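Let's take a walk through this one together, starting from the inside and working outwards. Have the 3D view open as you read.

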Amino acid sequence: KSKKNFSESGKWTVKKHISDLVLYNGDDSLEKGMATAYLHYKVGILSETPNAPIVIQRIEGEPDKYLVIDGYHRIMEGLIRGERNFNCRFSRKKYDWWVPTGKHRFELPKDKLKESKRYRIKVKHNTWQVIPNVLHY
């Protein structure tokens with residue numbers, strides 16, 4: 001069960017684990033998704049709103065899964081720091097966006113879902129891996 005918090009921005013937030021969040025992995029163009037957020041991080045382009053909650057909405061037909069509307073860079077930066085739980089808030093607007101499935105959906109390996117400062121993200125040919133203390137592309 002999620003715990004509600006009141007954020008600095010004056011909005012109610014809930015903690016959601018990365019496994020509850022649905023994110024687009026990205027494609028070979030590297031123009032969108034988690035791949036782009038990672039590439040931006042590598043060249044020093046960081047979130048402009050690092051303390052803002054991740055904006056999510058419920059996904060019909062997938063209980064306890066939430067589509068990320070805004071916050072890819074914040075999530076990537078948190079994952080790189082070893083975080084797995086994120087402050088989220090529900091979108092006021094309902095978006096009719098495509099929900100990534102299969103290879104298009106970003107997922108961490110099950111054995112890397114616990115928070116730890118030892119885990120780091122690795123991207124290789126659009127396949128995500130988590131490895132100890134190293135960042136690679």
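Start with the largest nonpolar core of this predicted model. It has 21 residues, and I18, L21, L23 and I75 are the ones that touch the most other members. Who supplies the rest of the packing? Helix 1, strand 4 (54-58), strand 5 (66-70), helix 2 (72-80) and strand 6 (85-90) each give two or more residues to this core. Helix 2 makes the largest contribution, with 5 residues.

Now click on I18. Skip its neighbours within four places in sequence, and you'll find I18 in contact with L23, I75, L79, R84, F86, F106, L108 and L113. There's also a second core, separate from the big one: it has 5 residues, and V22, V55, I59 and L67 are among them. As a general point, nonpolar side chains in soluble globular proteins tend to be buried together.

Next, have a look at helix 1, which covers residues 33-42. Which of its residues are buried? G33, M34, A35, T36, A37 and Y38 are. Just past the end of helix 1 sits G44, with a positive phi of about 90°.

Now zoom out. The chain has 2 helices and 8 strands, and reading along the sequence gives you β-β-β-α-β-β-α-β-β-β. Take the contacts between residues at least 6 apart in sequence: 65% of them join residues at least 24 apart. Of the chain's 137 residues, 42% count as buried. As for the outside, the accessible surface comes to about 8,600 Å², and carbon and sulfur atoms account for 50% of that.

Notes: Residues are numbered from 1 along each chain as its sequence is written. This is a predicted model: local features need pLDDT of at least 70, side-chain atom pairs count only at pLDDT 80 or more; totals for chains, interfaces and linings use all residues. Side-chain values use heavy atoms; hydrogens and water are left out. Buried means under 20% relative accessible area, exposed over 50%, partly exposed in between (1.4 Å probe, protein chains only). Helices (H or I, at least four residues) and strands (E, at least two) are DSSP runs, numbered from the N terminus. Contact means heavy atoms within 4.5 Å. Accessible areas come from the Shrake-Rupley method with a 1.4 Å probe; for residues, only the protein chains shown count as cover. A nonpolar core is a set of buried Ala, Val, Leu, Ile, Met, Phe, Trp, Tyr and Cys residues joined through side-chain atoms within 4.5 Å.
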